[in-house]
Structure formats: C-alpha cells, structure tokens
Amino acid sequence: MAYLAPLHQPSSVRHAIRLSFLAPDSPDLIVAKSNRLDIYTPHPQQPDQHILHHSQSLYGKVTMLEKLRPASCPTDHLFVGTDQYHYFTLSWDSTRRELKTEKAYVDVAEKAARDSQTGDRVHIDPTARFMALECYEGVVNVVPIAHAGKGKRKVEEAAEYGELLDPVPVRIPEMFVKSSGFLHKRSGGGKLPNPELALLFEDQVAGNKVRLKVRELDFTPSLRPQEEPPTVEMEKGRDVQGDVELGATFLIPLPPPMYGMLIVGETSISYVDEWDYRIAATEPLDEATIFVAWCQVDEQRYCLADDYGRLYLLFLHQDESGEYNGHTLDVLGQTSRASTLVYLDSGRIFLGSHQGDSQIIQIREQGLDVVQTFANLAPILDFTVMDMGNRSADAQVNEFSSGQARIVTGSGAYSDGSLRSVRSGVGLEDLGAIGEMGAPVSTMFALSSSKGVGYQDTLLVSLVDSTRVFKFDEAGEVEEVEAFGGSAMDQGTLYAGNLPDGRIIQVTSSAVLVVESGDSMVQDSWRPDTGVSITDVAADDTTLLISLGGASLVALDLQSSSSITEKARRTLDPADQISCIALSPDLPNTALVGFWSGSRVSTLDLTASLATVATLSLAESDPTSPTAIPRSLLTARLAPSQPPTLFIGLADGTLFTYALPPTSPFPPPHPTRNTLTIGTSQPNLVRIARTDYPSTFNLLATADLPSLLYASPEGRLISSAVTAETPSAAVPFNHPAYPSALALATGAEGEVKLALVDEERTTHIQTLSLGHTVRRIAHSLELGAFGLGTVKRTLEKGQEIVESFFRLVDEIGFAVIDQLTLKEDELVECVLACALPDGSPGGGTAERFVVGTAFLGDEDTEVARGRILVLEVTEERKIKIVVEAATRGACRCLGIVEGRVVAGLVKTVVVYALEHQATSTPTLAKVAAYRCATAPISLAVSGTTIAVADLMKSLTLLHFNPSTPSLQEIARHFDTFWSTAAAPIDTNTYLLADATGNLLLLAHDTKGYSAEDRHRLNPIAEFHLGEMVNRIVPISVTPSPSAPVVPAALLATVEGGVYVLALISPALQDPLMRLQSALVEREDSLGRIPFESWRGFRHPNSVMGVHEASAGPVRFVDSGVVERVCGMSEEALGLLVKDMGGWEGGVEGLRGLGEALRRVR
C-alpha cells in the first residue's frame, strides 16, 4: 500500500575509519552514515580534498567499524557491526567494483543481557590476536584472530592468518562502562604476554563513583576444535589506585615507549603508571569542558574534541628514557561538534559530526584550517515545505527531484544549529549573463573564430528570423559583432560549426555557406533547388546531412578544402516525411533518420546512396499514434564500461534508449529499449563532455522539465531534473575564462547566460548559520518569513547558560529580521503560523505566529508550567506580542482547527479561542479540553478531526464540534507505541512514527459494523525505517492518471534523512510486493543480513528491550529493492519475469515501472 523512497540520504556521521581498502597502499576513508557505507579517496588533482568513490547500503545501522589485514590479502578488510548484533567483514571486489562479504556471524545477541548503555565498542589488542566486542552490560565477546602457531604449521595454512574465528562470550562484573581499551604491554622473551583490557566504569554500588579496572584476557585454545570451543577467562584483574575524576569520559592507551594510559576528564587529565596501575600524575585543565572524541596523530600528539566544538592538541612530554613526563594541552580552534576523529596524514584530520557538518581539518601551528566540508542535515528537528512547484495534469509525480520543491529544515544543534534550504537535482552555477535577445532563441552554436585560436571564442545565437554573434577575448570579456565573415545574419541558423581547416560553415533554410571570420566574402556555398528549403541539418567531422523539405536527403562532403561536394542524394517516398536526422562518430558512414509516419527510425548507408540498412519500429502496438513520433536523435557513450547508447526523443516527452551493438544499430532481433519520461514536450538533446572519463558524456534534455542524463558508477542510466528555468536552447562553450561552461537561453525574451552544470544529481543546500538549535520552524507565505523557535547554549566560566528565542527570518534573503527573547528557564517547544481573528468588525483574520513554551526547574508545582504566545509581525517587520496565556503544563505541540488554536499540554489537549473584548485587548479563552493518557507529542488536524500522537499510547482521533464547542474521542489505536510524529496521508488513513524507527499506517473504519469497530484504529501497513522520525509533513500533488505511486508525505529524521512516502496505485499493490519478495530472494546482501530482519516492524514490548523484528515489512515497498530492476541485465530481468509468472508488458514493462518509481525521488 505504501512506497518509501529517500530524497536525501542520512548524512549524520558517528563512525569512520582510515584503511587501505581499495588498493594495497590507497589511503581510503570509510564513513558510516546510518545504514550506508561511503568510501572516500583523495582527489587526483587536489590531494587535500576527498571525493566519494563508492556508496552502498546495508540492512542494519552501523554501530562499529574496525580494520583487519589477513595475511593472504594485499588490502585491509573492514569489520562492521550493526545495531541488531550482526557482525561481518567486507573486502573490495575490484573486478565488480563493489563490496564483498568475506565472513558473517550469526546473531550473537544474548537475549537475557541488557544493551550497553554507553554505546557499542570494538577493540583489537596491540598484538592483533584478539578482538573485543562490548555490546551488552557485563559481557565482553572475545573474537580470536587466527595467527601463526609454533612449530610445524603448514605453509598453506598461512591463508588463515588474520582471519576472525568464532566469538567467545565472557562475563565481567563491571557495568555501565564509559570507556575501554587494550593496553600496550612490554614483551619479555619469546612469549607474548596476555592482553589486558582497561575498563572505565561507574560503580553504582558505591554511589556512581567512577573506577578503573584492568582485566587480563586468558585464552586457552581447544584441543578438539571441531567438538568444543576455546575458553576465555577474564577473572584476573587489578583496580587502579587513586581517585578517578567523577567526570572522566574516556581512556587513551599510550604506545611504546611510554606505555600506561591517560584518563581524560572534565576538569583534569591523569596518567596511570603501567607498573603499579596507579594514578601517577594529574594535571587540571585551564577550563572545565566535556571531551567527546579523540584520535592519535603520532606517538606524542593526540587530538581531542569537546562538546562545544573546540579542537585541542594534546602533546605528551617524554624524559630521557622515553617515559611519560607531563603534557601540554592547546586549543587549536573551533569546528563542528565531533562524533568521531580519524587521523588521515600530513596533519589532516577527518572530523565526523552528528550535529554539524563533517570536516577535514588541517592542523597548523597554533591553529587549524577547514579544508573540506561535507554537508550534514542531521539532526532535523523540524522542517517545512515552502512550495511544491507548478504542475500540469500530465507532469511527473515527483516535484522534489525536479528542483521545484523547496524544503527548509531546522538542522544541527547548539553552535552547529542552522536553517537549511534543500533542493535535490542537477544544479547550475551562473558564471555570467550575455543579455536578452528580444525574442525566443531557437538554437546556439559554439565556434572558434579561426584555426589558430585553439578554443571556442564565439557564440552564435539563432533566432527565428535572424542570427547574432558574440565574441569573447582571452579575459572572457564579450562583445556583439555586427558581421561575422560572410555569414547570413538576416536569417535564422540551422547549423554552424568549424571545418577541419578552421573555416566556418553556416546552414540556413536557403543555403550552406563556408566563411572565414576575417573575410566578408563567402568562400564557398551550396544551395538547394529553387522553391525547396532546408528543414533539418546534421553534421560530423566529414559529412553534412541535409533534409530538403522533409522529402529528400543530401549528403555533402566536408573533407575537401576547395569546395563543397555532394556525395549522396536520395528522394524518399511521398509518404515518408522526415521528422529528424542525426550523424554520429559512434556510427561511421551511417545516418539516422526518423519519420513522421509509422513511428520508426531507420539507418541509412552514407557510402551507398543513402540506402536503408535497417528500420526500428518505436510503437509496434499503434504506429499511427500522434505522440509516438521521433523528434530528436543522438548517440553517446555515458559510461566507459558501457557501449554507446542511442537516444530517441518523442513528441510527447518520452525518451527511448537503446544500447548499440558493435555492428549495425538495429540487427534483428531489435535491441531492447529503456523508456524515460522527460516531460510533456519533445526533448532536445545536448551532449556535455565529462571531466572524469575521456570520451564519455552526459546529456542535457531541454524540455518543459529539463533533465540531465548520466551514468551511475555501476553503469546504470540516471535521469535527474535540472534546478533551473526551462531552457529553449543550450550548447557547451569551452573558453579559458569559462572552462567546461554551458551556454543557456531561457524565456520569451531569449535571455542568454553562461553556467556550470553539475555532472550528476546532488542535494543543493543553502545554509543560514544561527549558532542556535532550531527546535521548531513555521513558514508564513503571507508574511514571506519563517518563524523559528531556537535554543542557544553558551559556556561562561565553566557554567552552561541556556537561552531560548523566537526569531523571524526572511524567506528569500535567509537573514534574521527580528527576535524575541523568552524568559529565564523558558524553552520554546512549538511554533505555528496561522490566520487568527483580528478583531475587526467584519470578522477578518490576520496572519499570526503562535508559540508554545515550557519552564524548566519549576519547584512550585508538581507539573511543568508553560506559556502560549500569539505574535504579530508589524509593517516594520518587528515582532509584537498580541496576547500571552499561562498554561499549567508545558505546551508541547500546536495546531489550528476551525480558526481556533489547539494545544497539546501535559496530559491534556486544549482548544483556545482568540477573543477580542476590545480591539486592543485580545485574550485566549479555553473552550474545550480532552484528557490524554500521558503527554501529546504531535498534533495533526484534518478538517474537524484532530489526530493526537501520545508519548506512550499511540494515536487517538478527536472530533471538534465548533457549535458546542467540545472535543470527543472518536477512535483510538489500542496499543503501546512510543510516538514521535503523526500525520494524515489519505482519507481516514494516518501515518505514525515511533522512537525505535518504526512506521505504522493506521486506518479508521468509519463504516464499521459495530461501535467498537468504528472506535478502533487498525494497523494496515508496517515498516522499519531504522531512523527516528522527528517530523511528518503531508503533501498534496496531482499526478498523471498512469502514475504508479502518489506522494503523500515527507519525513525527516534524526540522522538527517528526508524521505517521501507515497501511496501505491491499487492495481500495482500486489505486483509490487511480489516483485519486492522476488528481488529479495535473489539478493546476496552485505553481511548476509536478511532483508526481513532490517525492514520488519520491531515490537517495542520485547523482553529486556531487545526489539525483535517481524517477518519483513507489511504492505510496504522499499524503493531500494524494487529500483534494482533499472540496473539489471536483460537476461536477469527475463528470468525474474519468468519466475514471477509473467509481468504486464514483459521485461520492458517491468523496466519502465522501475524508471517511473525512480523518478519519485
């Protein structure tokens, strides 16, 4: 019933690691973002920058990363652990260019053990013999690492060296371990000492006192490995002597020759001696802080990051024997708040952040420089959809991908807090404007004014009845020239280009002219017979193909330096009118011709009087269809590993693609095609050379919805809309001042400009850094502004000071206009933009912002207090309080119903009316109330129905009767559900999200047989997203009648992901779910984790808090699964269709459905 697709992948970074993964000596960086692994490599031309090499999702949220190097493998392997206790190692398959699972463990979860309260940890001891996994309180899973034994191990067994063996669980009495790590030990003699694991933990028996324990790991291999496992004991242990700071956060084991370890706390850093395990030295910090991450730079230097976004350099001093002799801690500068630090090389550090942008930091003397930034939307606390663009009845379903929709998010936290405008698509960066032509531009051409120039310095712009020429000097300055050699400036130009000798050829409707820019004379010409006009032109380096009135074809030889010669001519049958023609270097001595009748494209032989070689029918079911007419033809190689592709644009905006075989384009049987829908009008195609792969191209399709076509790293064709006004013409223009630029013409006045176009779809983010947590956001279209509820945290003399504000931000300039500071210990909880009565005699309304707040630390009453503020924005764009009302409980959420404010207070839903006793003294009057189970966490209003998401007790529907007025419960979901957000997505259908990452669709049966049936909300679909949803915003679009899915809501998560939830067309619900099941059965997933265990609904009422998954999603379809049909081979799709018992439209119909679904995002 529901289809879920990501618009913006999660961008929060909590784990990262540097290793040689892709090649033996490659300095690769692997970053975990929720359930994705991104592999970054240094940029070939800019080594201080990193570029994304590969990205792949897995069925689980990554909680730990570590590297291994088996002796038989020249590259490192990656060890991955997930939130559902799946563990596996990955390697890079350079042949298939994808991740490969080397070894996977069956779930080693202890059902009776409690999850680790301080996060999962993984350590490898310095001798590389053991790996320790800490996922449960009081349990350490020890994983032996195969190593060479003594004596007579066979040489062929060396392939096992470095491999992980089966885990052995060991119980320890230490609970609530804050930090741990293996210590470096001195080796005496030939035998390696037993590893020692240091545990920093809170002793709850001793009043939460922090203690440090060092335990020895004693491993005994099994004498009968096939029958019984080895044994591991950690009974031997020593308490570290001395008082450990209560605010100690983590340990840093020191390498040789210093040994020992450091205890990093909030007010001091202590050194623990390796011999006596006592705190030998403690040095206080200059200023108290909370450290959150660290990494080692070298033997003496470490980088530390604190909770306030500061980066420190810790330098360890050594005495003459190399022993620890004190340390120095210096502040390097301000960064994002770090979640993880990874040292790269040459003083560069990768800083991964959950609540700010991730960065690459270059350490310099007494400071730092940010050399690269990776945008991060996490955590998205709230968001709003500014607009969904304009659409026609037959336009694409998805608006966000088209770049027309604009999502504005409240992202980050505290000093990293920001307001971000998000669009997804192919971006255009304007380089400069040439000006308006005064009429629509038909086409444009980029030329070199002479052979000696060596680059394109001339832009020829063709209008309907004239031609204009613009010349650029070396600095990029442009001027229009009145004459350009002997070119015909009083006619529109159908084609213009440079000949091999540098001369310029111009084709108009009446002639073919050869000119030079410095000579006003026409050097050569060719003209059709009297009364015949040139209607279409195609050219390559050797041939010019001309269509005369759509009835005949002439091929002209361009290789001769003396004159234009005719080398072939063919007059077609009167019924065969030409609709388009093309020449391509991918098809030597071949012409492509499309016809108005028969919906067909033919190949003609240029060496044999344009004889027909083969014909391809485009609409076999209905050749007379007026929309199945080929209107543009082009061939291009989009991926270096793929053959060239033929693109055929039809009059209705459809684009057919065919992979060209090595011989003729259309040998029988006809090649299989893919189908894309670019827009509703014919797409004109422009090739744009790629910079990363020679002889490969992207395609710009200029239609009513302009799109860029490019190949993914796997060779899959991707279509993405361009975030720009619809261009009427485009041409690549490569000038030294504007390298790799694109000339674009748009609008009825023919505005021409130069721009850079992205090579693939990206998320375009405009950021307003606020330095506050944007807790709530509301957009007022009438006021042209955002209302933000923000929280600011500062540190002064070791004291945290928290303030809260309401801020007004302009929607266009993204600038703060005004702000209102709330009272001391008052925090903003919710913000709403709505129309409320203005007290005028005519009963008019005015746009207002409504703010709900809560007071902290209230000791005078048993419940938290709060306020509701109604704010006006004056003509001077200043904030003015219209009315304020105190509430007994914190105001957690707000809505508007029948012109009244509905507020979710603690255990109560209250409806307020804004009453004007006098025009200048309005008040908020309580008119209705409803008692909740615990606390309303989200309100969603649809007409007079209010959906209340309760913190613990799922969803309740209330009916508001404005005439009484009163609130009445009409339906409820009778289950425990830790709700986070809710929204109506269809008639009597609601979407609910919970704290464990579940999504639940609930249906209200208003026509049920009994009152009990009508009072119950029934679950109709279940899905595990794996990310906690903070906000759900329903959207309304008008899709085409044949759309497979209809977008219904946007979701934003804590991990920075933005998703679209769509309702599946009733006719496709069962086929899509069967397709998903069939694809999953054929999948070899990373880590061999079952799809069902990841996407299955996780029940929160399981024993000991272990959220067990159901048997897969229920009536939910995952876009990541079904979209795989777009990249599958013809043979694989054929087998899939056969195993499913057939598919409407066969292989082509299935692939077309995949393309249609992919366009949703």
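## Close-up views of a predicted model

**View 1. A nonpolar patch lies on the surface.** Let us start with Ile937, Leu951 and Trp978, which together make a nonpolar surface patch of about 230 Å². As in every view here, what you see is a predicted model. To find tryptophan 978, look in the loop between β79 (966-972) and β80 (979-986). This tryptophan has a relative accessible area of 38%. It counts as partly exposed because that value falls between the 20% limit for buried and the 50% limit for exposed.

**View 2. Strands β10-β11-β12-β13 form an open sheet.** Here four strands follow one another in that order, with antiparallel pairing. At the edges stand β10 (121-124) and β13 (168-171); each has a single partner strand, so one side of each is left without a neighbour in the sheet. On average, neighbouring strands of this sheet are turned by 25° against each other, direction ignored. Follow β10 to strand β11 (residues 130-136), and you will find four bridges in the antiparallel sense. A good pair to look for is arginine 121 with glutamate 134, which stands opposite in β11.

**View 3. Strands β28-β29-β30-β31 form an open sheet.** This sheet has four strands in the order just named, paired antiparallel. Its edge strands, β28 (340-343) and β31 (367-374), each pair on one side only. Neighbouring strands are turned by 25° against each other on average, direction ignored. Seven bridges link strand β30 (residues 358-364) to β31, and the two run antiparallel. Which residue in β31 is the bridge partner of isoleucine 361? The partner is valine 370.

How values were computed. Residues numbered from 1 in each chain as written. Predicted model: local features only at pLDDT ≥ 70, side-chain atom pairs only at ≥ 80, totals over all residues. Heavy atoms only, no water. Pairing = 2+ DSSP bridges. Axes fitted to C-alpha atoms, helices over the stretch in contact; angles between N-to-C directions. Patch = residues over 30% accessible without salt bridge, like charges linked within 9 Å, V, L, I, M, F, W, Y side chains within 5 Å. Areas by Shrake-Rupley, 256 points an atom, 1.4 Å probe, with all protein chains shown as cover. Salt bridge = Lys/Arg side-chain N within 4 Å of Asp/Glu carboxyl O. Buried < 20%, exposed > 50% of the residue type's maximum accessible area, 1.4 Å probe, protein only.
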